Amino acid sequence: MLEIIGYIIVAIGLIFMIIGVVGIYKFNGFYEKILVSSKIDTVGIITIILGLVFINGFNMFSLRLLLLLAIVLLLGPLCTHIIARSAFLGEKGEKGEKGEKSIKKRRKVRKVE
Amino acid sequence: MLYTILIVLVLLFLSTIKNLKGSSVWDYLLGINLISTKIIIIIVLFATEMQLDYIIDFAIIYALTGFIGTIFVATFLLNHDKSNQKEEET
């Protein structure tokens, strides 16, 4: 019974990843692409690893899987944030003001780009 | 389980072809980040297929090094212009 649930969860994860890849081809701007691709990664990893935990039952093997899940969930979004930030500061921030200062100014002005 | 590995492999190539053709440097960085997370999923699926415990440790190490690598490249891309400008200013 537990295995069937696991296989269903893994299947759901794969379906979401396929839809996500379709999304990447739909969006052309860089920031939309990075949004969609980070979604694919986190959704894919959560569902597939949870599905595998159900498939393998609860033993040492699935404990390591959960450790991997925790690490990837911690580092994944952080990594895409840093890429998006360096892209934003590199392309837009540098032209007007210096990178770091532009963020401080932007906080005061609060204008939506 | 093997079919899921094949599907994820196809997803890997599909999602990175568009990124690696991208215009700016950050598209390549995004493509590499996508590749590394997909490979983690493939390693995990392979480990459950073969029921081997120690392969998950490889996935953990690969995840750590992959992410930290892209973090450093991203921060380098941000600062390497400024370092030249400082030399010009002084």
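This briefing covers the nonpolar core, the contact between chains A and B, and the setting of one proline. The model is predicted. Its largest nonpolar core has 51 residues, and helices of both chains supply it. Chain A and chain B bury about 3,900 Å² between them.

**Nonpolar core**

- The largest core counts 51 residues. Those with the most contacts inside it are A:Ile48, A:Ile49, A:Leu52, A:Leu65 and A:Leu68.
- Six helices each supply at least two residues of this core. From chain A these are α1 (2–26), α2 (30–56) and α3 (60–96). From chain B they are α1 (2–20), α2 (25–50) and α3 (55–89).
- α3(A) gives the most, with 12 residues.
- A:Leu65 touches residues of both chains. Not counting residues up to four places away in sequence, its partners in chain A are A:Ile49, A:Leu52, A:Val53 and A:Asn56. Its partners in chain B are B:Val44 and B:Ile56.

**Contact between the chains: extent**

- Chain A puts 47 residues into the contact, and chain B puts in 42.
- Of the roughly 3,900 Å² buried (about 3,900 Å²), 77% lies on carbon and sulfur atoms.
- B:Lys18, B:Trp26 and B:Leu78 supply 17% of the area that chain B buries against chain A. No other three residues supply more.

**Contact between the chains: polar and charged pairs**

- Three salt bridges link chain B and chain A.
- A:Asp41 forms a salt bridge with B:Lys38. The closest N and O atoms of this pair are 3.5 Å apart.
- Nine residue pairs are in polar contact between the two chains, both residues being at pLDDT 80 or more.

**Contact between the chains: the chain B side**

- α1, α2 and α3 of chain B each give two or more residues to the side that touches chain A.
- α2(B) provides the largest share of that side, 14 residues.
- The side of chain B that touches chain A divides into 26 nonpolar, 10 polar and six charged residues.

**A:Pro77**

- A:Pro77 is found in helix α3 of chain A.
- A:Pro77 has a relative accessible area of 38%, so it counts as partly exposed. The class runs between the cut-offs of 20% for buried and 50% for exposed.
- Leaving aside neighbours within four places in sequence, A:Pro77 is in contact with A:Thr42 and A:Val72.
- A:Thr42 and A:Pro77 are 35 residues apart in sequence. In space, their C-alpha atoms are 7.8 Å apart.

Conventions
Residues numbered from 1 in each chain as written. Chains lettered and ligands numbered in written order. Predicted model: local features only at pLDDT ≥ 70, side-chain atom pairs only at ≥ 80, totals over all residues. Heavy atoms only, no water. Core = buried A, V, L, I, M, F, W, Y, C linked by side-chain atoms within 4.5 Å. Buried < 20%, exposed > 50% of the residue type's maximum accessible area, 1.4 Å probe, protein only. Helix = DSSP H or I, 4+ residues; strand = E, 2+ residues; numbered from the N terminus. Contact = heavy atoms within 4.5 Å. Buried area = accessible area lost by both parts, 1.4 Å probe. Salt bridge = Lys/Arg side-chain N within 4 Å of Asp/Glu carboxyl O. Polar contact = N/O pair within 3.5 Å; in protein donor to acceptor, adjacent residues only side chain to side chain. Nonpolar A, V, L, I, M, F, W, Y, C, P; charged D, E, K, R; others polar.
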